[in-house]
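Subject: Handover of a structure

Dear colleague,

Please find below the structure that I am handing over to you. My findings follow directly after it.

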Amino acid sequence: MIFRQFCILLLVLFVLPTLGFAQDNDPLLAAERHQQGLFERIAPSVIFIAQGGSMGSGFFVNNEGLALTNAHVVGKSKEVQVVLRDGKKFKAKVLRVAKNDVDLALIQVPIKNSIPVELGGFVDLKVGSWVASVGHSSGGIWTFTTGMISNIYPSEKNEPVFQTQIPVNPGASGGPVFDRKGRVIGVITAGLLQANSINFAIRTDAAIQHFDELQSFCECLIVQAPAGVPIFVNQQMVGKGPKVVLPVEAGSFEVFAVIKGKMTKKTVAFPQTRAVTLE
């Protein structure tokens, strides 16, 4: 009897605390909890979009119902059907479709107090970075998938894209791609039907570049110049006119371009100055 009580005492004093310590330091458990937290944070911002017998995804970018999605999701419609995660249904107005065949569109859902995502992380975009998405498909709605960035492609069409290993299906188009900090860095746009798990997303700084409505959501310096004119910031070429969106930190920046053989230069302090026009 005494020996049994002694064994129970040992279990309480030494074995059980050790099990708890092991659980608290389980890296897989920590990763699971982090991913679960990201899903709960992003999912309420994601919307289901139906139009003309097809479906897609989108996500809120402000707290007044403004949402970003793909141009091919809304098609040529002026209105689309939208379902929120809580089951509420609305008719949303298609506000704008990006020019130059860029696969982006803005829609306005008639609600207040929508839950927006955080746009950002463009500077940290690197091959091998962990990314995830929440979207819809024929197999399920508000589906959480993860992967990594496989490649990054610049584009002369002002539609810079990156390739991911996130397994997405038709219906996921227009959904957010976010990093480990929950910052939305891209918009799911397309996949290769003849390949497995090869999918693409448009960088969200491209959306900010195409839609003036999004510029206030980014810690970015906006530089405008005549179309096709190379733009330089602190002696480095950062893109071409008519507009470049450059994520920056607070500081002083020398901005210049050569327009019709003449250099136009300005020095600006960010964030006091957020937009520069070179003429």
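Threonine 145 is in contact with Ala132, Ser133, Ile166, Pro167 and Val168, leaving aside its neighbours within four places in sequence. The residue sits in strand β9. Threonine 145 has a relative accessible area of 15%, under the 20% limit, and is therefore buried. Please note that these values come from a predicted model.

The aromatic residues deserve a separate paragraph. There are 4 aromatic pairs in the structure. One of them joins phenylalanine 39 and phenylalanine 144, whose ring centres are 5.6 Å apart and whose planes stand at 40 degrees, a tilted arrangement. This pair links distant parts of the chain, with phenylalanine 39 in helix α2 (residues 27-42) and phenylalanine 144 in strand β9 (residues 140-153), 105 residues apart. Phenylalanine 39 is buried at a relative accessible area of 14%, whereas phenylalanine 144, at 27%, is partly exposed.

Another pair is formed by phenylalanine 232 and phenylalanine 256; it is stacked, with 5.0 Å from centre to centre and 5 degrees between the planes. Here too the pair links distant parts of the chain: phenylalanine 232 belongs to strand β15 (residues 230-233) and phenylalanine 256 to strand β18 (residues 251-259), 24 residues apart. Phenylalanine 232 has a relative accessible area of 22% and is partly exposed, while phenylalanine 256 counts as buried at 10%. In addition, Phe39, Phe144 and Phe178 make up one aromatic cluster.

Valine 134 touches each member of that cluster, Phe39, Phe144 and Phe178. Its other contacts, not counting residues up to four places away in sequence, include Ile42, Ala43, Val46, Trp142 and Pro176. Valine 134 is also among the residues with the most contacts inside the largest nonpolar core, together with Phe59, Leu68, Leu104 and Leu214; this core has 34 residues. At least two of its residues come from each of α2, β1 (46-51), β3 (66-69), β8 (130-137), β12 (183-191), α4 (204-210) and β14 (220-224). A second core, separate from this one, has 16 residues, including Val233, Val248, Val255 and Val268.

Turning to the strands, a closed barrel of 6 strands runs in the order β1-β2-β3-β6-β5-β4, with antiparallel pairing. Direction ignored, neighbouring strands of this sheet are turned by 40 degrees against each other on average. Within the barrel, β1 pairs with strand β4 (residues 79-83) in the antiparallel sense over 3 bridges. Phenylalanine 48 has valine 83 in β4 as its bridge partner.

For the chain as a whole, I can report 4 helices and 20 strands. The protein chain has 279 residues, of which 44% count as buried. Its exposed area is about 15,100 Å², and carbon and sulfur atoms supply 56% of that area. Among contacts between residues at least 6 apart in sequence, 55% join residues at least 24 apart.

With kind regards

Notes: Residues are numbered from 1 along each chain as its sequence is written. This is a predicted model: local features need pLDDT of at least 70, side-chain atom pairs count only at pLDDT 80 or more; totals for chains, interfaces and linings use all residues. Side-chain values use heavy atoms; hydrogens and water are left out. Rings of Phe, Tyr and Trp (its six-membered ring) pair if their centres lie within 6.5 Å; planes under 30 degrees apart count as stacked, over 60 as edge-to-face and the rest as tilted. Buried means under 20% relative accessible area, exposed over 50%, partly exposed in between (1.4 Å probe, protein chains only). Contact means heavy atoms within 4.5 Å. A nonpolar core is a set of buried Ala, Val, Leu, Ile, Met, Phe, Trp, Tyr and Cys residues joined through side-chain atoms within 4.5 Å. Accessible areas come from the Shrake-Rupley method with a 1.4 Å probe; for residues, only the protein chains shown count as cover. Two strands pair if DSSP finds at least two bridges between them. Axes are lines fitted to C-alpha atoms, for helices over the stretch in contact, and angles run from 0 to 180 degrees between N-to-C directions.
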